[in-house]
Amino acid sequence: MNISLSTFGKYEVDLQDNSRTYPVYQNEELVALKRFQFDPKQYNMRSLTGNSISPLYCEFFGQRLFKTGGRDVIVTDSEMDCMRVYEALGQTVPVVSSLFGTVGLSRQYLANKEFLDSFENVYLFQLEEDKDFMKDVLP
């Protein structure tokens, strides 16, 4: 599924010929940029504050777009899945993702529990392989 330019814009993703750059927020402040380069394939994170970036303190990707609670929220393990699911559901359901894949998801989940608790239902998308996340977070 292709992602529309309007969704990339909504999620503040900068598209270049050979890369995508995702914003990283902490307490509603832009603190870093996460860049994915296609060729050669690599990720890097650039702090805008001079401090190291920890998933423990970061908001989910897209979290600042959906400040109020509601009925449902979906948590994915990648930015691209986040935007794909958002579009597949007609841009009507809040969808956020871990900034660090399944590796940092349990910390990010716990750090943003207040945000998630503001929704009646929290759905996890494609996270079955992360047994540590399931053990640490879910009852």
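Contact here means heavy atoms within 4.5 Å. The model is predicted. Three topics follow: a nonpolar core, a buried lysine and an open sheet. The largest nonpolar core has 31 residues. Lys-34 counts as buried at 10% relative accessibility. The open sheet has 4 strands.

**Nonpolar core**
- Tyr-11, Phe-61 and Met-83 have the most contacts inside the largest core.
- At least two core residues come from each of strand 2 (19-26), strand 3 (29-37), strand 5 (70-76), helix 2 (79-88), strand 6 (95-97), helix 3 (105-111) and helix 4 (113-117).
- Helix 2 gives the largest share, 5 residues.
- Phe-61 is in contact with Tyr-11 and Met-83, leaving aside neighbours within four places in sequence.
- On the same basis, other contacts of Phe-61 include Val-13, Tyr-22, Pro-23, Cys-82, Val-95, Val-96 and Leu-99.
- Glu-79 and Ser-97 are also among the contacts of Phe-61.

**Helix 2**
- Helix 2 is mostly covered, with 8 of its 10 residues buried.
- The buried residues are Glu-79, Met-80, Asp-81, Cys-82, Met-83, Val-85, Tyr-86 and Glu-87.
- Their cover includes helix 1 (5-10), strand 2, strand 3, strand 5 and strand 6.
- Gly-90, just after helix 2, takes a positive phi of about 70 degrees.

**Lys-34**
- Lys-34 lies in strand 3.
- Lys-34 is classed as buried because its relative accessibility is 10%, and buried means under 20%.
- Its side chain makes a polar contact with the side chain of Glu-79, at 2.8 Å.
- Glu-79 is itself one of the buried residues of helix 2.
- The Lys-34 side chain also reaches the backbone oxygen of Leu-99 at 2.5 Å.
- Not counting residues up to four places away in sequence, Lys-34 touches Arg-20, Thr-21, Tyr-22, Val-24, Tyr-43, Asn-44, Met-45, Glu-79, Leu-99 and Phe-100.
- Tyr-22, Glu-79 and Leu-99 are in contact with Phe-61, and Lys-34 touches them too.

**Open sheet**
- The strand order is 1-2-3-4, with antiparallel pairing.
- Strand 1 (14-16) and strand 4 (42-47) stand at the edges; each has a single partner strand, so one side of each lacks a neighbour in the sheet.
- From one strand to the next, the twist averages 20 degrees.
- Strand 1 and strand 2 run antiparallel and are joined by 3 bridges.
- Gln-16 stands opposite Ser-19 in strand 2.

Technical notes: Residues numbered from 1 in each chain as written. Predicted model: local features only at pLDDT ≥ 70, side-chain atom pairs only at ≥ 80, totals over all residues. Heavy atoms only, no water. Core = buried A, V, L, I, M, F, W, Y, C linked by side-chain atoms within 4.5 Å. Buried < 20%, exposed > 50% of the residue type's maximum accessible area, 1.4 Å probe, protein only. Polar contact = N/O pair within 3.5 Å; in protein donor to acceptor, adjacent residues only side chain to side chain. Pairing = 2+ DSSP bridges. Axes fitted to C-alpha atoms, helices over the stretch in contact; angles between N-to-C directions.
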